[in-house]
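Work through the exercises below with the sequence and the model side by side, trying each task before reading its solution.

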Amino acid sequence: MFRDLFSAEKWEEAWDIIQSQFGTAVWETVYVTLASTAFAILIGLPLGVLLVVGDKKGIRPLPVWIMSVLNVIINILRSVPFLILMILVFPLTRAIIGTTVGTTASIVPLTIAAFPFVARLVETSLREVDPNTIEMAQSMGSSTLQIVWKVMIPESIPSLISNATIALTTILGYTAMSGIIGGGGLGKIAINYGYYRYKYLIMLVAVILLVILVQIFQSVGTFLARRTDKRLRR
């Protein structure tokens, strides 16, 4: 099957496709990944804060049944495989975007799949904040909102950036699967050419580009996390 994978004919054919389609595909992948991550953070950050603040040992405990329902919803959404979730949210995607096919349409299922994950990552980061720092802010008469935005979040910025990077690279992996339902990007090329047309060299190039994008995102995230970590400045 792979005998002629690197033949001159295959390379020439692959190069024509790379020149004509891969530039757009890389842009679509980056666009969908960043947009989905932004929306997931927009939803997941407040939820993660609520999970910590509203806990029975938090600074503003909420009724147990509210926290139980919230945890169950997040756990259910995290448990549904992404391919199935994409199909389940077709009606919502159509209602928001007007279609279920295309690059922009894939942002909806990607966001829904990612925001519960982001909420748990935010929860983990905020729970790492020194309780003594929070108690000090409480003793000074700080409100719940002030403690969250001036103590908890600033103190956990390096961890939040690291976890946001994890979420970003995870969503990047999801974008490849979205090609199955018509989403654009490198995933669509890998599926259309590598799977349906048996052009494995095209699929290999798409995979290599996905790996490169992951390395870029991870390197940038690690750099920002180190720059914001006060412990490394001492």
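**Exercise 1.** Find which residues of helix α7 are buried, and state how far this helix reaches from its first C-alpha to its last.

*Solution.* In this predicted model, begin with the burial of the side of α7 that matters here: Ile147, Val148, Val151, Met152 and Ile153 are the buried residues of the helix. Next, turn to its length, for which the relevant stretch is residues 144-155, a run of 12 residues. The distance from the first C-alpha to the last is 15 Å, which is close to the 16 Å expected at 1.5 Å a residue.

**Exercise 2.** Determine which members of the largest nonpolar core touch the most other members, and which helix gives the most residues to this core.

*Solution.* The core has 39 residues, and those touching the most other members are Ile112, Leu126, Ile147, Val148 and Met152. At least two residues of this core come from each of α1, α2 (64-79), α3 (82-88), α5, α6, α7 and α8 (157-178). Among the contributors, α5 gives the most, with 12 residues. As a last step, take Leu126 and set aside its neighbours within four places in sequence; its contacts are then Gly48, Val49, Val52, Met152, Ile153 and Ser156. Apart from this core lies another one, of 16 residues, including Ile17, Phe22, Leu186 and Leu210. As background, nonpolar side chains in soluble globular proteins tend to be buried together.

**Exercise 3.** Describe the second largest pocket by its volume, by the helices that supply its lining, and by the classes of its lining residues.

*Solution.* The volume of this pocket is about 280 Å³. Its lining consists of 14 residues, of which Val52, Lys57, Gly58, Ile59 and Ile134 are the closest to the centre. Three helices, α1 (8-53), α5 (107-127) and α6 (131-139), each supply at least two lining residues, and the largest share, 4 residues, comes from α6. Sorted by class, the lining of the second largest pocket holds 8 nonpolar, 2 polar and 4 charged residues.

**Exercise 4.** State how many cavities of 30 Å³ or more the structure holds, and work out which classes of residue line the largest cavity.

*Solution.* The structure holds 1 cavity of 30 Å³ or more, and the space in the largest cavity is about 40 Å³. The residues lining the largest cavity include Met86, Phe90, Thr93, Pro109 and Ile181. Counting by class gives 6 nonpolar and 6 polar residues in this lining, with no charged residues.

Definitions and conventions: Residues numbered from 1 in each chain as written. Predicted model: local features only at pLDDT ≥ 70, side-chain atom pairs only at ≥ 80, totals over all residues. Heavy atoms only, no water. Expected span 1.5 Å × (residues − 1). Buried < 20%, exposed > 50% of the residue type's maximum accessible area, 1.4 Å probe, protein only. 1 Å grid on protein atoms, 1.4 Å probe; cavity = no way out; pocket = protein on both sides within 12 Å on 5 of 7 lines; lining within 4 Å. Points joined across faces, edges and corners; volume = space filled by probe spheres on them. Nonpolar A, V, L, I, M, F, W, Y, C, P; charged D, E, K, R; others polar. Core = buried A, V, L, I, M, F, W, Y, C linked by side-chain atoms within 4.5 Å. Contact = heavy atoms within 4.5 Å.
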